[in-house]
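User: Could you walk me through this one and tell me how each label is earned? I'd like the cut-offs too.

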Amino acid sequence: MLNFTLKERFLRYVLIDTQSDPASLTFPSTEKQKDLGIVLVKELHAIGITDAEIDEFGYVYATIPENTEKSNVPVIFFCSHMDTSPDCSGSGVKPIVHQNYRGEDLLLPDDPSQIIKLAEHPDLKNQIGNDVITASGTTLLGADNKAGLAEIMDACYQLVNHPEIKHGKIRILFTPDEEIGRGVDKVDIKKLGAYAGYTIDGESAGNMENETFSADGARLIIKGISAHPGFAKGKMESAIKIAGEIIAALPFELSPEGTDGMQGFVHPVSVSGHVESAEIDFIIRDFDENKLTAHANTIRGIAVEVLKNYPGSSCELQVKPQYRNMKAMLDNHPEIVMYGMEAIKRACLDAKLCSIRGGTDGSRLSFMGLPCPNIFAGEHAFHGKQEWVSVQDMQKAVETILHLCMIWEERG
Ligand SMILES: [Zn+2]
């Protein structure tokens, strides 16, 4: 018997370690992600979704055939990612269900220093009476994005078992390696064969996100002048010290720690080098794509200024696009977000349109021709040991998915 409740599904998935690894050169980056993919395929088969499959890269695809008489209902898909963040251990997760939450601080038993405080997690105020699930203090929980997986899986179960819910063809996509920015590298868009979709990977119940950052990566390569340190007077220009000066001159008001809301930033993520040459890797982020160039020019300007004191040295900034704000694509198909907002309202929630200070699988899918906003999964404080989600918020996400299927059918 493989028919589980929503909560049971979630509690099963978080036990499977699916941490991705940015240093890996394979795809998926870690083979263990397939362990979860195989479980999901088995469960989909048990639900009666016979075409469910996992491919060589670890992607899971499945179809719920249409049950509507209408012939022009667009194919939509729902997407969640199977991997968890490399920032925090996902091995040996021990989920704890805090039944009927009463507003207290939640103590995580395996590490007394880990306390989820109401004062630091204001969204917990909306969880009074709910069943809040946390990890035990030494690992992340993995609600990002196993909450989304459980919700989509439960919605599949409901759709198959409630033929009175009319819908067009629904495609399911579960991706590996989202957390390391490779989630859609090997996705087969043709095979997915959909008009639009929704990632189920957002935070608070009721939220929908139609904007992500636009993102570039940049590498500043500094060439200095090497000399024997005993005889370097007046000759040596250390690339390491040039790199240090450039980093120190980056404006605070353009840093991750100095910005929020709709502000962008420039962020050095790694430095390497020796006397003769050094490299600084940056990520550049802004909601306004046009500002990315200005931010790159800020780095260039600082480098030029610093190099004035190093006449024999030089530098070069190489900029590579990473992903773009999906809003540009979604604005061409306003019904996709509109139906999402309506589905959230039909699930009796306050629908709120938000932006993410980051990217999603959907931001890249949107530019591959598959417009794909993000809908809440209920996951909170992700990528850390204090991650939590409530069963009731997950239930609302399932309802939202079902309403979305019905709305697309109604309007078809
Ligand atoms: Zn996620």
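**Sheet, zinc site and odd angles**

Analyst: E10 and E15 run in the parallel sense as a pair, joined over 4 bridges. One of those contacts sets Glu209 against its bridge partner Cys354 in E15. Heads up: this is a predicted model, where local features need pLDDT of at least 70 and side-chain atom pairs 80 or more, while totals for chains, interfaces and linings use all residues. Residues are numbered from 1 along each chain as its sequence is written, and side-chain values use heavy atoms, without hydrogens and water.

User: What makes E10 and E15 count as a pair?

Analyst: The rule asks for at least two bridges found by DSSP between two strands. E10 and E15 have 4 bridges, so they pass. E10 also pairs with E16, this time in the antiparallel sense over 2 bridges, which is just what the rule asks for, so that pair counts too. There, Met208 has Ile375 in E16 as its bridge partner. The strand names come from DSSP runs numbered from the N terminus (strands: E, at least two residues; helices: H or I, at least four).

User: What does the whole sheet look like?

Analyst: It's an open sheet of 8 strands with mixed pairing, in the order E1-E2-E8-E3-E9-E16-E10-E15. E1 (53-54) and E15 (352-355) are at the edges: each has a single partner strand, so one side of each lacks a neighbour in the sheet. You can see the mix around E8, where E2 pairs with E8 in the antiparallel sense over 5 bridges and E3 pairs with E8 in the parallel sense over 6 bridges. Tyr61 has Leu173 of E8 as its bridge partner, and Phe78 stands opposite Ile172 in E8. E3 (residues 76-81) also has a parallel pairing with E9 (residues 196-202), over 4 bridges, with Cys79 opposite Thr199.

User: How do you know that E8 is largely enclosed?

Analyst: Count its buried residues (under 20% relative accessible area, exposed being over 50% and partly exposed in between, with a 1.4 Å probe on protein chains only). In E8, 6 of the 6 residues are buried, so the strand is largely enclosed by the rest of the structure. Both of its faces are covered: Ile170, Ile172 and Phe174 point one way, Arg171, Leu173 and Thr175 the other, and all are buried. E10 gets the same label, because 5 of its 5 residues are buried.

User: Which atoms of the protein hold the zinc ion?

Analyst: His81 (NE2), Asp144 (OD) and Asp201, which gives two OD atoms, lie 2.0 to 2.6 Å from the zinc ion. Donors are N, O and S atoms within 2.8 Å of the metal (3.2 Å for Na, K and Ca), so these distances qualify; water isn't among the atoms, so a site may look incomplete. The spacing of the donors along the chain is H-x62-D-x56-D. The site brings distant parts of the chain together: His81 sits in E3, and Asp144 in H3 (residues 143-161), 63 residues apart. His81 has 1% relative accessibility, so it counts as buried, and Asp144, at 6%, is buried too.

User: Why is the zinc site called irregular?

Analyst: Its 4 donor atoms make angles of 52 to 135 degrees. Four tetrahedral donors need all angles between 85 and 135 degrees; square planar (four) and octahedral (six) need opposite donors over 155 degrees apart and all others between 65 and 115; anything else is irregular. The 52 degrees fits none of those ranges, so irregular it is.

User: How do you know that the length of H2 agrees with what's expected?

Analyst: The expected span is 1.5 Å times one less than the number of residues. For the 15 residues of H2 (residues 33-47) that gives 21 Å, and the end C-alpha atoms are 22 Å apart, which agrees. Right after H2 comes Gly48, with a positive phi near 110 degrees.

User: What about Asp177 and His383: buried or partly exposed?

Analyst: Asp177 has 0% relative accessibility, so it's buried; His383, at 28%, falls in the partly exposed band. Asp177 has a positive phi near 60 degrees despite not being glycine, and it lies in the loop between E8 and H4 (189-192). His383 also has a positive phi, near 70 degrees, in the loop between E16 and E17 (388-390).
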